Amino acid sequence: MRLSKNRLSRLFFVAFISTLLTACGFHLRGEYTVPEDIQQISVTSYDPYGMITRLVKEQLTLNKIEIVKPSSNVTNLHIVRESIGDRTLSLYQNTRAAEKELTYRVNYRVTVPQLGSKNFSAQITRSYLDNPLSALAKSEERSLIEDEMRSFSAQQMLRQMARLKTEIEEYEKKQQEIAVPSDEKNQS
């Protein structure tokens with residue numbers, strides 16, 4: 001009897017927490033809310049074979065969005081440019097850089113037919129130790145960090161595209177408001 005009450009209270013607790021998290025709009029990480037209106041998208045880039053372009057296409061495919069050729073009636077994601085910068089955070093006694101901070105930034109534009117375009121940027125920052133005695137290992141480490149930053153930026157780009165949902169809804173609402181008064185005028 002006591003065991004079943006304990007199980008029942010655990011079940012109630014799990015159901016309560018699940019309901020609470022669902023009500024606040026919580027989504028598991030990796031769950032992106034790309035607008036449902038965007039079933040197809042074209043991806044253009046300053047570097048069509050670059051790593052960031054491949055990663056963005058991979059993220060879109062994972063989210064079940066079909067990638068098509070550019071057209072005037074298809075949403076377009078255009079990667080404008082990417083840049084990597086670094087700055088020194090700390091120095092050794094001999095004035096050589098001990099710790100560096102890498103900043104990766106990608107600028108892109110999303111164009112939705114009949115809605116217009118919006119510019120976005122995704123930025124990721126990481127720091128790493130730069131030991132001059134192990135230069136080969138550090139160059140490999142930096143390369144791995146840059147690849148990781150590109151991957152996170154591609155994920156961030158899809159999260160930022162969720163902003164389009166509200167803009168599309170606002171546009172459709174304005175279109176409906178425009179259509180309703182004109183219909184009322186025709187009936188008068």
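This passage looks at the salt bridges in a predicted model and at where their partners sit.

Side chains of opposite charge can pair when their charged atoms come close. In this model, that kind of pairing turns up as 7 salt bridges. One of them joins R150 to E82, with 3.4 Å between N and O. R150 belongs to helix α3, which covers residues 135-160, while E82 is part of strand β3, covering residues 75-91, so this pair ties together parts that lie 68 residues apart in sequence. As for its surroundings, R150 has a relative accessibility of 13%, and it counts as buried because that value is under 20%.

Helix α3 and strand β3 are also linked through another pair, D86 and R142. Here the closest N and O atoms are 3.2 Å apart. D86 sits in the strand and R142 in the helix, so the bridge ties together parts separated by 56 residues in sequence. D86 comes out as partly exposed, at 39% relative accessibility.

R150 turns up again in a salt bridge with D147, and the closest N and O atoms of that pair are 3.4 Å apart. This one stays inside helix α3: D147 and R150 are 3 residues apart there, which means about one helical turn separates them. D147, with a relative accessibility of 28%, counts as partly exposed, whereas R150 counts as buried. Finally, some of the bridges share partners, and in this way D86, K100, R142 and E146 are joined into one network.

Note on methods
Residues are numbered from 1 along each chain as its sequence is written. This is a predicted model: local features need pLDDT of at least 70, side-chain atom pairs count only at pLDDT 80 or more; totals for chains, interfaces and linings use all residues. Side-chain values use heavy atoms; hydrogens and water are left out. A salt bridge is a side-chain nitrogen of Lys or Arg within 4 Å of a carboxyl oxygen of Asp or Glu. Helices (H or I, at least four residues) and strands (E, at least two) are DSSP runs, numbered from the N terminus. Buried means under 20% relative accessible area, exposed over 50%, partly exposed in between (1.4 Å probe, protein chains only).
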